[in-house]
Every structure is written in C-alpha cells, then in structure tokens.
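I opened this structure to see how its parts fit together. These are my notes, kept in the order in which I looked things up.

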Amino acid sequence: MTDTLLAVDKIETSYGLSQVLFGISLTIEAGEVVTLMGRNGMGKTTTVRSIMGLTRARAGSIRFAGDEIRHLPAYRVAKRGLGLVPEGRQIFPNLTTYENLVATATARQTAENPWTLDRVYALFPRLAERRDSAGNQLSGGEQQMLSIARALLTNPGVLLMDEPTEGLAPVIVEALTAVLARLRAESGLSIILVEQNSRVALEFSDRTVVLDKGRVVYDGPSATLRDDPERLTQLIGVSE
C-alpha cells in the first residue's frame, strides 16, 4: 500500500513533568485497520489524544493527508478529517439520540462514501428505535453505538476508536464486534482501534502496534500474534 493517510513520526508527549510517549511512530494507509495494544498505562490513549490534538505532543511529527497537524488544536484536527470515538463514550446525556447525532455531523465534501443519518440508522437500527430517548436513558451498548455513529457522521478520513468494548457485557461485545466487522467490510474506512480484548483486536485488524512504556515494541501483521499466543503473552501479558 502506498496511500499513507496518517503518519506519526517519533512523537513525544508528557503530562506536566511526566513523559508518557518516547518516540512513537506508526502509519495507517487508505482502507487499513490498525490496532493499538498494550497493558494499561503503556501510552495507547495518550497516542490517540496526541493524534487528535487533545494532548499536545511536544516533539515529532503528525501528518494527515500530507499536512502537518501536530500544532493544530483539536477542533481543527477534527475538521481536517479525523474522527474520534473516545474512551468512556462521552455522549451528551441530556440530549436525545437524534440530537447527539446531528450536533457534530458534517457534510464533508471530500468524503467518497458520505455518512448520513439513514446510513448510520441502517448500521445501528437500535439508534433509530431510540431516536427520541435521552443519552442517559440508553444502555451501555446503545451509548457505545451512539458514540461510534456520532463519529461516523463527521465523515472522517481516519476513525480512531478508544476501547469501544470496555465495560460491556460479553453478549454486547459480540454484537458490537459484528457491527464493526460490517463497518469495515462496507465502508473501506481507515481505522485505528485501541482495544484490550485481544481476540477482538487481532481478528478485526490488518496490523497491530504494541506499546510498552511509551515505546513501540511490535509493529506487524495481526495474524502473526493471532497465530502465536506465546509471543502475544510476552508482549502484552495476556493470551486468549
């Protein structure tokens, strides 16, 4: 693949005097799905936040569609075409499902397959059924569907999803995983997925990047780790 959409090169990010990322580099190509894995506290969410401009990287380069975006504020990064499904969902609790969806929707002219309300309702029929329900009246699974749908309606070039299955019951994880597989198959969207569930992560992605103490310790095919549980255990301490 040659169409690199996002290139992160040697970024360093700190919270005050505490440095979290030590020269993280990764790329994502058009239509590629990349998973970020690693134990808790290894820098996965900080990497996502740095890419989105929510936590400013103090060094390195972040280029999207060829343009440097490291110094841009988060709202301008989003306008450029990066969409975020944040950890913890962060929906508007007092707005209805419909209001949550249209609050940040954009009709990005560069989107090849634009996302519309009808299209996200087709992907998540439950959201159409709960159209008039307030965000705080939705179940955890419904809130996660809403968070993903809301990000899709920004018509991103790259979608970043931070722990979408966290806190969900196994049966809901299975249903959500099926929807994500459908999303990948039908949209061709470039996706960066942060996911602790190794089975979901490795089945869903083409390539996996493993972080350890703010550094990349593996960047390669997901199938390699899927077929080698011992190596997976060595890298992240879990095996499924």
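The entries below go through the sheets, then a helix and a pocket, then single residues.

**Entry 1: the kind of model.** I noted before anything else that this is a predicted model.

**Entry 2: the four-stranded sheet.** I looked up the strand order and found an open sheet of four strands, arranged 2-1-4-5, with antiparallel pairing. I then checked which strands stand at its edges. They are strand 2 (18–29) and strand 5 (67–68); each has a single partner strand, so one side of each is left without a neighbour in the sheet. Next I looked at how strand 1 (residues 4–15) meets strand 4 (residues 59–64). The two run antiparallel and are joined by five bridges. As one example of the pairing, I wrote down Leu-6, whose bridge partner in strand 4 is Phe-64. I also asked which strands helix 1 (residues 44–52) touches. Helix 1 packs on this sheet against strand 1, strand 2 and strand 4, and its direction makes about 115° with that of strand 1.

**Entry 3: helix 1 itself.** I checked how covered helix 1 is. Seven of its nine residues are buried, which leaves the helix mostly covered. I listed the buried ones as Lys-44, Thr-46, Thr-47, Val-48, Ser-50, Ile-51 and Met-52. Just after the helix comes Gly-53, for which I noted a positive phi of about 80°.

**Entry 4: the six-stranded sheet.** The other sheet I looked up is open and has six strands in the order 6-7-8-3-9-10, with mixed pairing. Strand 6 (82–85) and strand 10 (215–221) are its edge strands, each pairing on one side only. From one strand to the next, the twist averages 15°.

I went through the pairs along this order. Strand 7 (residues 158–162) is parallel to strand 8, with five bridges between them. Strand 8 and strand 3 are also paired in the parallel sense, over four bridges. Strand 3 and strand 9 (residues 207–212) pair in the parallel sense, again over four bridges. Strand 9 and strand 10 are antiparallel and share six bridges. These last two strands form a hairpin with two residues between them, and Lys-213 in the turn has a positive phi of about 50°.

**Entry 5: strand 3.** I asked how many residues of strand 3 (residues 33–37) are buried. The count is five of the five, so the strand is largely enclosed by the rest of the structure. I sorted the residues by face: Val-33, Thr-35 and Met-37 are on one side, Val-34 and Leu-36 on the other, and all are buried. Thr-35 is a useful point for tracing the sheet. Its bridge partner in strand 8 is Leu-193, and in strand 9 it stands opposite Thr-208. Thr-208 in turn has Gly-220 as its bridge partner in strand 10.

**Entry 6: Ser-190.** This residue lies in strand 8 (residues 190–194). I checked whether Ser-190 is buried or exposed. Its relative accessible area is 2%, and the cut-off for buried is under 20%, so Ser-190 counts as buried. Its bridge partner is Val-158. The side chain of Ser-190 reaches the backbone nitrogen of Gly-31 at 2.8 Å. Leaving aside neighbours within four places in sequence, I found Ser-190 in contact with residues including Leu-5, Ile-28, Glu-32 and Leu-159.

**Entry 7: the largest pocket.** I looked up its volume and wrote down about 550 Å³. The lining has 24 residues, and those nearest the pocket's centre are Met-52, Leu-54, Ala-78, Leu-84 and Pro-86. I also asked which elements supply at least two residues of the lining. Helix 1, helix 2 (74–80), strand 6 and helix 6 (140–152) each do. Met-52 had already come up among the buried residues of helix 1.

**Entry 8: Ala-128.** My last look-up was Ala-128, which is found in helix 5 (residues 125–129). Its relative accessibility is 32%, so Ala-128 counts as partly exposed. I also checked its separation from Tyr-98, which is 30 residues away along the chain. The C-alpha atoms of the two are 8.3 Å apart.

Notes: Residues numbered from 1 in each chain as written. Predicted model: local features only at pLDDT ≥ 70, side-chain atom pairs only at ≥ 80, totals over all residues. Heavy atoms only, no water. Buried < 20%, exposed > 50% of the residue type's maximum accessible area, 1.4 Å probe, protein only. Polar contact = N/O pair within 3.5 Å; in protein donor to acceptor, adjacent residues only side chain to side chain. Contact = heavy atoms within 4.5 Å. Pairing = 2+ DSSP bridges. Axes fitted to C-alpha atoms, helices over the stretch in contact; angles between N-to-C directions. 1 Å grid on protein atoms, 1.4 Å probe; cavity = no way out; pocket = protein on both sides within 12 Å on 5 of 7 lines; lining within 4 Å. Points joined across faces, edges and corners; volume = space filled by probe spheres on them.
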